[in-house]
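Visitor: Put the model up and let's go through it piece by piece.

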Amino acid sequence: MENICNELLDYCLRGESWPPELLDRAIAVDEGRALLSIVVERLGDLFEPRLCDVYAELFMQVMERVAPEVCPRVRRAPSTCEAPRTARRVYVLSRVTLGADVAVTSVLLDAAKRRYPDAEIVLVGPRKSYELFEADARIRHLPAPYARGGSLVERLRASAALWLEDGIVIDPDSRLTQLGLISVCDDRHYCFFESRSYGGGR
């Protein structure tokens, strides 16, 4: 059954439109877990700018099929968020994988601390991710478990349940928002850093 997901991944990597029935079959494999691990996570981890639009198109179709109640965020060009001069609280979303939190999230946490020296800086994500930074007295933790073994629908509903309304939100392509596709705050307070496209001229 994994061959179905690998076939879908090949379409994505070639930049070709996939047959709708192939996506339906991939979603059905192990409640969407194979789709997540073989296709979705692979596209998110490649850091190839050309795949950003492919990922967005694929996952929007996935959401329409399995969780139509989850309202996707209107996708725009990577944010040039006009950060306010002051902020009481700044949320930085975890990338969820530890390697990406070291390489990407840590940079944004440091930038938030420097830009807002008097603000509360909050890492939103799993406990394991926070443990990378818990020695830093400036960084607080807001648990947002991401069930890596959960079904596709469970993960989508968990993402949709997260709502942050009392601060700025910095999103470095987090799996908590399915790489910027699910709203977690008012767009006026949302800064999306599409780290997969960094340096790609987008």
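Visitor: What's the relative accessible area of D110?

Guide: D110 comes out at 35%, so it's partly exposed. The cut-offs are under 20% relative accessible area for buried and over 50% for exposed, with partly exposed in between, using a 1.4 Å probe and protein chains only. Keep in mind that this is a predicted model: local features need pLDDT of at least 70, side-chain atom pairs count only at pLDDT 80 or more, and totals for chains, interfaces and linings use all residues. Numbering runs from 1 along each chain as its sequence is written, and side-chain values use heavy atoms, leaving out hydrogens and water.

Visitor: Which residue forms a salt bridge with D110?

Guide: R114 does, and the closest N and O atoms are 3.0 Å apart. A salt bridge here is a side-chain nitrogen of Lys or Arg within 4 Å of a carboxyl oxygen of Asp or Glu. Both residues sit in helix α5 (residues 98-115), four residues apart, about one turn of the helix. R114 is exposed, at 59%. Helices (H or I, at least four residues) and strands (E, at least two) are DSSP runs, numbered from the N terminus.

Visitor: And where do R127 and E131 sit?

Guide: They're in helix α6 (residues 127-131), and because they're four residues apart there, about one helical turn separates them. Their side chains meet in a salt bridge, 3.7 Å from N to O. Both ends are partly exposed: R127 has a relative accessible area of 45%, and E131 has 37%.

Visitor: How many salt bridges are there in the whole structure?

Guide: The search finds 17. One of them joins R50 and E48, with the closest N and O atoms 3.1 Å apart. R50 is partly exposed at 48%, and E48 is partly exposed too, at 30%. There's also a network of salt bridges that links E41, D45, R155 and R175.

Visitor: Back up to E41. Which residues of helix α3 are buried?

Guide: In α3 (residues 33-45) they are A34, L35, L36, I38, V39, V40, E41, L43 and G44. So E41 is both a buried residue of α3 and a member of that salt-bridge network.

Visitor: What do the buried residues of α3 pack against?

Guide: Four helices: α1 (2-14), α2 (20-28), α4 (51-66) and α7 (152-161). Contact means heavy atoms within 4.5 Å.

Visitor: How many residues has the largest nonpolar core?

Guide: It has 35, and those with the most contacts inside it are L8, L35, V39, L58, F59 and L152. A nonpolar core is a set of buried Ala, Val, Leu, Ile, Met, Phe, Trp, Tyr and Cys residues joined through side-chain atoms within 4.5 Å. The elements that give two or more residues to this core are α1, α2, α3, α4 and α7. The largest share, nine residues, comes from α4. Apart from it lies another core, of 16 residues, among them V92, A112, Y116 and A119.

Visitor: What does L152 touch?

Guide: Leaving out residues up to four places away in sequence, L152 touches I27, E31, G32, L35, L36, F59, V62 and V66.

Visitor: New topic, backbone angles. What's the phi of D173?

Guide: Near 70°, which is a positive value in a residue other than glycine. D173 is in the loop between β4 (168-171) and β5 (190-192), and it's buried at 0%. Q178 lies in that loop between β4 and β5 as well. The phi of Q178 is near 50°, again positive and not a glycine, and Q178 is buried at 2%. Just after α3, F47 takes a positive phi of about 55°.

Visitor: Last one, cysteines. How many disulfides does the structure hold?

Guide: Zero, where a disulfide is a pair of cysteine sulfur atoms within 2.5 Å. For C5, the nearest cysteine sulfur is that of C12, 10 Å away. C5 is buried, at 0% relative accessibility.

Visitor: Which cysteine has the closest sulfur to that of C185?

Guide: C191, and the gap is 8.4 Å, too far for a bond. C185 is buried as well, with a relative accessible area of 3%.
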